[in-house]
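Work through the exercises below with the sequence and the coordinates at hand, and try each task before reading its solution.

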Amino acid sequence: MTETPAYGFDTLQIHAGARPDPATGARQTPIYQTTAYVFRDADHAAALFNLQEVGYIYSRLTNPTVAVLQERIATLEGGAGAVCCSSGHAAQIMALFPLMAPGCNIVASTRAYGGTLTQFTQTFKRFGWSATFVDFDDLDAVAAAIDDNTRAIFCESIANPGGYVTDIRAIADVADAAQLPLIVDNTSATPYLCRPFEQGAALVVHSTTKYLTGNGTVTGGCVVDSGTFDWSATDKFPSLSQPEPAYHGLKFHETFGSLAFTFHGIAVGLRDLGMTMNPQGAHYTLMGIETLSLRMQRHVENAEKIAAWLEADARVDYVTYAGLESSPYYGRAQACYPKGAGGLFTFAVKGGYDACVKLVNSLDIFSHVANLGDARSLIIHSASTTHRQLTPEQQEAAGAGPNVVRVSIGIETADDLIHDLDQALAQACP
Ligand SMILES: *Cc1c(COP(=O)(O)O)cnc(C)c1O
């Protein structure tokens with residue numbers, strides 16, 4: 001199918017990037033379970049290795065099943081290209097790898113997935129990178145944190161563990177003024193609720209593990225490029241603007257234009273880092289993504305009902321969901337995320353840490369797991385799990401204090417979920 005901007009999201013989530021298999025006519029995208037591809041002849045092989053011709057060489061770099069998913073996600077985000085990889089955390093490294101060098105830093109939001117905070121504070125050091133964390137509601141502080149060695153600005157759209165939504169346009173303006181790319185982790189919002197490129201982001205990263213797959217079966221990640229950032233405007237991005245020795249001095253930006261970042265991601269990133277998505281994994285995600293909009297509508301509808309019910313319950317101290325009128329981010333969510341504030345939020349249980357532990361142990365439908373974005377409802381006590389590596393100050397800043405649980409509301413019957421929470425709260429707060 002040829003993509004045109006005229007097709008709606010619901011059409012593109014099923015068709016973008018795919019066509020009947022040219023060899024067999026198979027309607028569904030086949031799983032190309034192969035590591036290598038036969039060259040037509042020696043000249044063909046040489047042209048592929050020189051990046052003079054686009055084609056399949058080896059599945060660490062490219063695979064036809066994975067390529068369909070890449071084009072599907074790029075289309076849904078409105079980007080120029082995308083590179084899939086083995087996990088969301090791999091996607092973050094893949095996004096930063098072409099931009100960073102020892103001594104370089106990023107400016108990142110304090111409100112982020114716990115694993116991201118750990119990756120940025122701990123593992124970054126091994127590469128000689130660093131991250132400066134700032135409150136992204138304070139635009140002056142974001143601007144002030146940028147220095148000569150900053151190479152990117154990083155935030156989540158709807159931030160994990162929930163209740164916070166970023167004003168992407170405002171942050172993109174700060175990034176633009178500093179001639180830096182804004183990278184948005186769009187995992188929790190998905191392109192159905194938020195399209196960061198329309199608000200000025202340069203790159204988007206995803207954990208496809210979550211809503212894009214939507215059924216808790218595989219880990220995967222994706223880096224999407226808007227194709228609009230000018231990598232040659234400053235001397236800060238030599239991997240993209242300067243000659244690449246491993247490809248006979250080819251300059252990615254000059255040669256590939258709006259596809260420079262995507263080609264670099266495949267030809268250097270996947271080639272050397274090897275964080276490849278496998279075709280089986282891509283298949284599961286392609287199955288899931290076909291129903292993304294339908295699921296997101298139900299996630300939002302259920303989250304709104306359940307958040308309102310919890311807020312009115314005497315056993316609950318407060319609920320942080322940007323879809324509630326009581327939220328300080330309600331107005332921003334209405335303006336920037338008009339289809340809904342997502343399916344993730346946190347709530348504080350009277351009785352603190354112990355009551356939270358009892359609550360997660362007493363639920364029947366909700367599963368106590370370290371995941372989100374599944375069709376099934378999930379709950380986690382962040383302070384004792386995903387955020388336990390962090391200091392108490394970092395836990396509070398990330399909205400993951402000891403009295404707080406995070407829920408990822410599934411697409412089950414809302415009344416059943418409310419009943420389950422009701423009976424578990426009765427046990428947690430006798
Ligand atoms: C899960 C998650 C990640 C990490 O993704 P993995 O696929 O688990 O590596 C990054 N960011 C956000 C917002 C996530 O929810």
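The reader should bear in mind throughout that this is a predicted model. Start with Phe252, which, once its neighbours within four places in sequence are left aside, is in contact with Leu51, Ser239, Leu240, Glu244, Tyr247, Gly257, Ala260, Phe263, His264, Ala267 and Val268.

**Exercise 1. The core and the domains**

Task: Determine where the largest nonpolar core lies with respect to domain 1 and domain 2.

Solution: Begin with the domain assignment of the chain, which gives domain 1 as residues 11-288 and domain 2 as residues 292-428. Next, turn to the largest nonpolar core, which has 127 residues, with Phe252, Phe345 and Phe347 being those with the most contacts inside it. Domain 1 and domain 2 both give residues to this core, so it lies between them. The contacts between the domains can then be added to the picture: 38 residues of domain 1 are in contact with 40 residues of domain 2, and the C-alpha centres of the two domains lie 29 Å apart.

**Exercise 2. The surroundings of helix H3**

Task: Decide whether helix H3 is largely enclosed or left open by the rest of the structure, and describe what its buried residues pack against.

Solution: First establish the geometry of H3, which runs over residues 64-77, has 14 residues and reaches 20 Å from its first C-alpha to its last, close to the 20 Å expected at 1.5 Å a residue. Then examine burial, for which the cut-off is a relative accessible area under 20%. The buried residues of H3 are Pro64, Thr65, Val66, Val68, Leu69, Gln70, Arg72, Ile73, Ala74, Thr75, Leu76 and Glu77. Since 12 of the 14 residues are buried, H3 is largely enclosed by the rest of the structure. The packing partners of these buried residues are the helices H1 (9-15), H8 (190-193) and H12 (279-289), together with the strands S1 (81-85), S8 (203-207) and S9 (221-225).

Finally, inspect what lies on either side of H3. Asn63 caps the N-terminal end, where a side-chain oxygen lies 2.9 Å from the backbone nitrogen of Thr65, and just after the helix Gly78 takes a positive phi of about 75°. Thr62 is found in the loop between helix H2 (42-49) and H3, and counts as buried at 18% relative accessibility. Neighbours within four places in sequence aside, Thr62 is in contact with Tyr37, Gly55, Tyr56, Ile57 and Ile266.

**Exercise 3. Helix H12 as a partner**

Task: Establish which residues of H12 are buried and what the cover of those residues includes.

Solution: Eight of the 11 residues of H12 are buried, and the helix is mostly covered. The buried residues are Pro279, Gly281, Ala282, His283, Thr285, Leu286, Gly288 and Ile289, and what covers them includes H1, H3 and helix H13 (292-311). At the N-terminal end of H12 the cap is Asn278, with a side-chain oxygen 3.1 Å from the backbone nitrogen of Gln280.

**Exercise 4. Aromatic pairs**

Task: Classify the pair formed by Tyr164 and Tyr329, and explain which parts of the chain this pair ties together.

Solution: The structure holds 16 aromatic pairs. For Tyr164 and Tyr329 the distance is 4.7 Å centre to centre and the angle between the planes is 75°, which makes the pair edge-to-face, given that the class requires planes over 60 degrees apart. Tyr164 lies in strand S6 (residues 164-165), whereas Tyr329 lies in the loop between strand S10 (316-320) and helix H14 (330-336), so the pair ties together parts that are 165 residues apart in sequence. Tyr164 counts as buried at 4% relative accessibility, and Tyr329 is buried too, with a relative accessible area of 15%.

As a contrasting case, the rings of Phe256 and Phe263 have their centres 4.3 Å apart and their planes at 15°, so this pair is stacked; both Phe256 and Phe263 are buried.

**Exercise 5. Positive phi outside glycine**

Task: State where Gln179 and Thr190 are found, and whether each is buried or partly exposed.

Solution: Most residues other than glycine have a negative phi. Gln179 has a positive phi near 55°, is found in the loop between helix H7 (168-177) and strand S7 (182-185), and counts as partly exposed at 42% relative accessibility. Thr190, with a positive phi near 65°, lies in helix H8 and counts as buried at 1% relative accessibility.

Conventions. Residues numbered from 1 in each chain as written. Predicted model: local features only at pLDDT ≥ 70, side-chain atom pairs only at ≥ 80, totals over all residues. Heavy atoms only, no water. Core = buried A, V, L, I, M, F, W, Y, C linked by side-chain atoms within 4.5 Å. Buried < 20%, exposed > 50% of the residue type's maximum accessible area, 1.4 Å probe, protein only. Domains from an automatic or database assignment. Contact = heavy atoms within 4.5 Å. Helix = DSSP H or I, 4+ residues; strand = E, 2+ residues; numbered from the N terminus. Expected span 1.5 Å × (residues − 1). Polar contact = N/O pair within 3.5 Å; in protein donor to acceptor, adjacent residues only side chain to side chain. Phe/Tyr/Trp six-rings, centres within 6.5 Å; stacked < 30°, edge-to-face > 60°.
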